Amino acid sequence: MEYRQFSKSAIAIVVTGLLCTPFSTYSAENVLEKIEITAQKRSQNISDVGIAVTAFSGEQLKALGLDESTEIIAYTPGVSLAGDIGGQRAIFNIRGVVQNDYADMAEAPVAVYIDGGYLASTQAQTFGLFDVARVEVLKGPQGTLFGRNATGGLVNTITAKPTEDFEAYANFTAASFEQFRLETAVSGALTDGVAGRLSLYSNVQGEILENVYEDTAEPDTRAGSVGGGQDGYNDDTQAIRGQLDFSLGNNGSLLLSANWADTVKSEGPYQVINTTEVKDANGNVIDVIYAADDPLGCDTIQLGECIDGNFNGDPFRPVQGGDFNGNFDPDGSGEKVNKDFAFDDQNKISSQGLAATLEYGFDSVDFFSMTDYKYFERAIGLDSDQTASPELIFQSYSEISQISQELRFSGETDDMQWVAGLYYLGIDTDYSQGLAASPTAYFLGGEENNTLVDLSTDSYSIFGQFDYAFNDNYVLVGGLRLMQENKNMLGNVYQNTNTDDRVVEIDTSSASLEVYDQDNDQDLWSAKLQLEYSVDNNLYYFGVNRGVKAGSFNAPLFGGFSSYDPEVLISIEAGMKLELWDGAGVFNASIYNYDYTDYQSFSWVNNSGVVSNEEASFQGLEAELFLTPSKSLDVVLSASYTDATVENLEVADGVFKDTKPAFTPEYQAAVILRYNWDLDSGNIAAQISGSYQSETFHNARNFTAHEIESHIKADSRVTWTDDVWSLVAYVDNLFDSDHEIIGFDVTGFYGTSQISYAKPRTFGLTVERKF
């Protein structure tokens, strides 16, 4: 494979800048230190919090080379990625708690927050980490204090705040595939009592996938999408964040913030694997296998015989191992593709936000108020079959606006700390998804069919939690949240002429093929009861949690609207946080048991997916070890085991079996080794990191071709730094692992499955200047 080299002129500028800057002596020191977190709505040392938490400060994120919101997953035990698509979509999976519904109207059971503001759409959970103070990953139900759909846990990103003293920096990266990344921020006092901070982010990356498509070429000579066949897997993201912090005397402050981001990408960077359905006597799909493993080359296999799968009168594929039209991927999991609907600027994602946070301390009570508004817009199109054949195009468009208001009071006495509050969240979602066909397509030829949804959500809650200290060693923690959730969905299905493959066209003046107008109102509650024991800087805890995720609606392609119930989780967890070797080491471990009622399981079948309520039970354990045996050496070791089962899932009509939740590995492990030493001019650090994940499935039905194989991924970096400058050379995906990340089974439509692979080995150089 050929790698695009980053600009020589950019390197020259970096080197020249370094040579022209006076060096200063820099003392060796660790990057791993205990940090303050806000997992319980107050500032605490991470080792004093009775929750399984993995957290990284902003400096640690930079030192470890973690640039994206999902990159912390590899080094957080019990957390996995529910399918990244080249940075276009990713969902956090904590301890197997995941609902991998791709629809923009879906909310995940792992809540994601930025600066205390909830991200309602799963599609908003992939973002660049820029100018960040820290990231906290909380495992287990967090419903009493955070509430919103935090059944599995939550990820909270806290950005850097305005400072009274002037500070600024600029961070620039040049890397393989013509990637150029810029992050910069400036902060300081604007006038007496007012401080501001402005943060900027830009990431531009060229195409990774080389498209070899030729219109009307064999094996399928039908004309494809006009102008298609472009290279893919790129990025063009720009973002800005501004903050103003107003001092309200000695007792309080008002923080106003605004943010904007805009992303343009190619159509989803999927590739194709040819697959074959296996059916029983009743025509139920009971397995999906790789087409290469079928020596007969059947369209579809039923009771060991070949049957016609694409209704052309022939039960055999044109070529053994190919798809229904004889297509193959040009080089397997390599960087070559052959697909007609492919454009380098197809997918567009934008977001804006405003927030006001007021904090004020009275004599015995602290008051907190946060008003948060967010708006997301997302237009997506992709080649549904991922081949040179002009079959169906998947398309979606969404606009999501949300507003939340939290009012919180807190205080403490000699033996108790408490917090109580009110919370409101309103979400309006306008969403469409559909399939469009070019005039030469066999199915829906020249037309498109779209499911159109208007979903409104109003959620109200009251909550409280206390920590009562019996003595210096024992603390009882109790919490409760009561919620009222009101949902309404209006759904329609329209079919009309497709005049432009790249645009979602919905003729709402035509008759709707299906109309759905239903409410899904719910009264919900979460609770927590936990006992904590502290001695000699060690913490032990045992607790019971009741978590809940609201029910919602299904709006699949071609209609078939329905609703599903809330899921309820009873979690029993024990854990410990131990200080080792006079503070040179920290060992954290937890063990848990989850018992689900009405677990929300998402199954994908042939271009459409639905959520169903099932019973489920999960068990697991996690451990992480942080070592700083000297000022020169940092060591992080982590591992987890997850045994998760969804019971009696209906994988086909009348066919039930126990399955594993999608994207849930049984075993995970990670290691980070970082060694630094002083030079006469500055300090050098060398780092190697790696992660292992056992096999998973990208589909809840767990068929043969749904398996994602186990894999190891390693990264390396060398950093030179002094008081002003830092220079980093790195290699990500050191051994060029081409493991699968996500897949969608569309075998019944085209004899294929869509697969997205890990980003190839990447070389990069980063320079940062502090002012």
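**Cavities, strands and cores in a predicted model**

Q: How much space lies in the second largest cavity?
A: About 110 Å³ of space lies in the second largest cavity of this structure, which is a predicted model.

Q: Why is this space called a cavity and not a pocket?
A: A cavity is a set of points where a 1.4 Å probe fits but cannot get out, whereas a pocket is an open set. The space of about 110 Å³ is listed as a cavity, so the probe fits there but cannot get out. A search of the whole structure finds 16 cavities of 30 Å³ or more.

Q: What makes a residue part of the lining of the second largest cavity, and which residues lie nearest its centre?
A: A lining residue has an atom within 4 Å of a point of the cavity. There are 15 such residues, and those nearest the centre are Gly 50, Lys 139, Gln 530, Asn 545 and Glu 573. Two or more residues come from each of strand 28, strand 29 and strand 32 (567-580). The largest share, 4 residues, is from strand 29.

Q: How is the lining of the second largest cavity divided by class?
A: The lining holds 5 nonpolar, 7 polar and 3 charged residues. Gly counts as polar and Lys as charged, so Gly 50 and Lys 139, both in this lining, are placed in those classes.

Q: What is known of the second largest pocket?
A: The second largest pocket has a volume of about 520 Å³. Its lining consists of 29 residues, with Gln 44, Asp 48, Val 475, Glu 532 and Ser 534 nearest the centre. Among the elements that give two or more residues to this lining are strand 2 (44-45), strand 24 (416-437) and strand 26 (474-497). By class, the lining has 7 nonpolar, 11 polar and 11 charged residues.

Q: What makes strand 6 and strand 9 a pair?
A: Two strands pair if at least two bridges are found between them. Strand 6 and strand 9 (residues 153-159) share 5 bridges in the parallel sense, so the condition is met. One of the positions in strand 6, Ala 111, has Leu 154 of strand 9 as its bridge partner.

Q: How do you know that strand 6 also pairs with strand 7?
A: The two strands run antiparallel and are joined by 2 bridges; at least two are required, so they pair. Ile 114 stands opposite Gly 117 in strand 7. The two strands form a hairpin with 2 residues between them, and Asp 115 in the turn has a positive phi of about 55°.

Q: Why is strand 6 called mostly covered?
A: Of its 5 residues, 4 are buried. Buried means under 20% relative accessible area.

Q: Why is Ser 601 called buried?
A: Its relative accessible area is 4%, and the limit is under 20%, so Ser 601 is buried. Ser 601 lies in strand 33. Beyond its neighbours within four places in sequence, Ser 601 is in contact with Val 610, Val 611, Ser 612, Glu 614, Leu 649 and Ala 700.

Q: What makes Met 105 a member of a nonpolar core?
A: A member is a buried residue of a listed kind, Met among them, joined to others through side-chain atoms within 4.5 Å. Met 105 is one of the 53 residues in the largest nonpolar core and is among those that touch the most other members, as are Val 453 and Met 489; therefore Met 105 is buried. Strand 33 (residues 585-604) gives the most to this core, with 6 residues. A second, separate core of 50 residues includes Val 112 and Ile 427.

Methods
Residues are numbered from 1 along each chain as its sequence is written. This is a predicted model: local features need pLDDT of at least 70, side-chain atom pairs count only at pLDDT 80 or more; totals for chains, interfaces and linings use all residues. Side-chain values use heavy atoms; hydrogens and water are left out. On a 1 Å grid over the protein atoms alone, a cavity is a set of points where a 1.4 Å probe fits but cannot get out, and a pocket is an open set with protein on both sides within 12 Å along at least five of seven lines; lining residues have an atom within 4 Å of a point. Grid points are joined across faces, edges and corners, and a volume is the space filled by probe spheres set on the points. Buried means under 20% relative accessible area, exposed over 50%, partly exposed in between (1.4 Å probe, protein chains only). Contact means heavy atoms within 4.5 Å.
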